[in-house]
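Visitor: Please give me a close look at a single part of this structure. I would like one connected account of it.

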Amino acid sequence: MSFPIFSLRDINFVYPGGNDVLKGVNFELKAGEKVALTGHNGSGKTTMLHIIMGLLKPTAGQVMFKDREMKTEKDFRELRKGVGLLFQQADDQLFCPTVIEDVAFGPLNLGKSPDEAREIAKYVLCLLGLSGYEERVAYRLSGGEKKLVSLATVLAMQPEALVLDEPTNDLDPSMRDRLADILCELDVAMLVVSHDLNFLKRVTALEYSCHDQAIYKEASIFRSDGTPSDCKL
Amino acid sequence: MQHISEPFVSGESLIHASHPGFRVVCALLFSLVGALVLTLSAAIAVFIAGLIFAISARLPMLSLLKRLFFVNGFIVFLWLFLPFSRPGDPVFSVGPFTATTEGIIYAAVITLKSNGVVLAVTSLLSTMPIQLMGAGMQSVRLPDKLCRLFLFTWRYVHVMGEEFGKMKRAATMRGFVPRNSIMTYRTYAWLMGMLLVRSWDRAQVVWQAMLCRGFTGKFHTLNSFRVKGGDWLLLAVTTIFVGAIIATELFKVEVF
């Protein structure tokens, strides 16, 4: 049995003002797993992702990375090296002037030299079919291009797991296909939050849903042998 | 989508080819001294130096005139008041107000030095893309916070503009027509308020995105620029100009 990359144990979260969002949530993501997370608007999916990343502090419960409990901001810096979050809005994620600088931002923070960071950034851009975008100005890209570049910024950290928050929002069908193809090819664990069932069917193998303030495993539309329906692992 | 236009960026000249950091330093040095001069002769020197910069940067005439037109739009107002505001030798009177030589010279000094500084700064700074200027600022060790503020402002001013446009369109769709009425002012106040709230939220999320990618407070940069002979030449020429302007100012060289 493989060891979970991260897990949540008995997480409670209450927003200031008093409404419970999550109650007794347990979840884990193991290496290589591709998991879908569905649920209504406001059911607490994004909150859960932010708790995983340490952007929100749970009212009770533990966040584990590998076998260690994450408590302080410093702990979460470790976790963020291993787990990459793709934000809902690409504009929030791309804050550097040019594409190459944005993709190299993570590696530079991890202590790579400018040359190494540039190499990694170029490699990741090439992997996503974005060669030639290096010197493009981030805010002038189209919505779909911004999405792919923000994925590149996350992949440049060379994470073991990806957490994607509604990745297909605002994407046209062809861009959605392209993103699904890319995600199927990637050899990292994934937790994908989305309302787009067709996309989830292609990319993920297991489904969890978020309702009544907790996470439930679904006996779902997905195949039970743990592989996504139409892509090879 | 509307873009911030950069009409002077594409061009070929010694200035276009030089080190962004050197250009930032030269622009700082020149505009600081240029803004502080008080005598007519020094102001003329600032203007001439500005012209020389503009000529050597081979700026496109039309865009340059347009830019100067905006600057001088403000200065026109100064000419309405300043000549009458200083005591001295009377030149002419309009009703109870008397224009003096000192007043006219004062207005001329402001006009000359502001045009000179705008010419120089346009030649030095507007000739590079803004992201390069940010990198240039970092390369000459200007305070990290200042560079970051500058780059983030540039990055997000467009997003804010788009957000404001979106809200305004939403209002228009529901029959909003700006008039001189309380309703109009209230609507604009709401729009501005919402823009502020949204900017705040966005700043939060951008900060989170930075944390997720390992940001710990230091902004690393990919750019490294090589310093060439031309860069030192630019710095030397700027220093000579600045020196000459200061000398003219200090020794009170008479023009008339």
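Guide: The account below concerns chain B, its contact with its partner chain, and one pair of its helices. This is a predicted model, in which local features need pLDDT of at least 70 and side-chain atom pairs count only at pLDDT 80 or more, while totals for chains, interfaces and linings use all residues. Residues are numbered from 1 along each chain as its sequence is written, and chains are lettered from A and ligands numbered from 1 in the order in which they are written.

Chain B has two parts, domain 1 (20-136 + 225-250) and domain 2 (141-212); such bounds come from an automatic or database domain assignment. The centres of these domains of chain B, taken over C-alpha atoms, lie 33 Å apart.

The contact between the chains involves 29 residues of chain A and 22 of chain B; residues are in contact if their C-beta atoms, placed from the backbone, lie within 7 Å. On the side of chain B, helices H5 (130-139), H6 (144-173) and H7 (182-212) each give two or more residues, and H7(B) supplies the largest share, seven residues. Helices are DSSP runs (H or I, at least four residues), numbered from the N terminus.

H5(B) also packs against helix H1 (residues 20-36) of chain B, at an angle of about 80° and with the axes 7 Å apart. H1(B) is therefore roughly perpendicular to H5(B), a term for angles of 65 to 115 degrees. Axes are lines fitted to C-alpha atoms over the stretch in contact, and angles run from 0 to 180 degrees between N-to-C directions. H1(B) contributes B:Pro20, B:Gly21, B:Arg23 and B:Val24 to this contact.

Key
Contact = placed C-beta atoms within 7 Å. Parallel < 35°, antiparallel > 145°, perpendicular 65-115°, else oblique.
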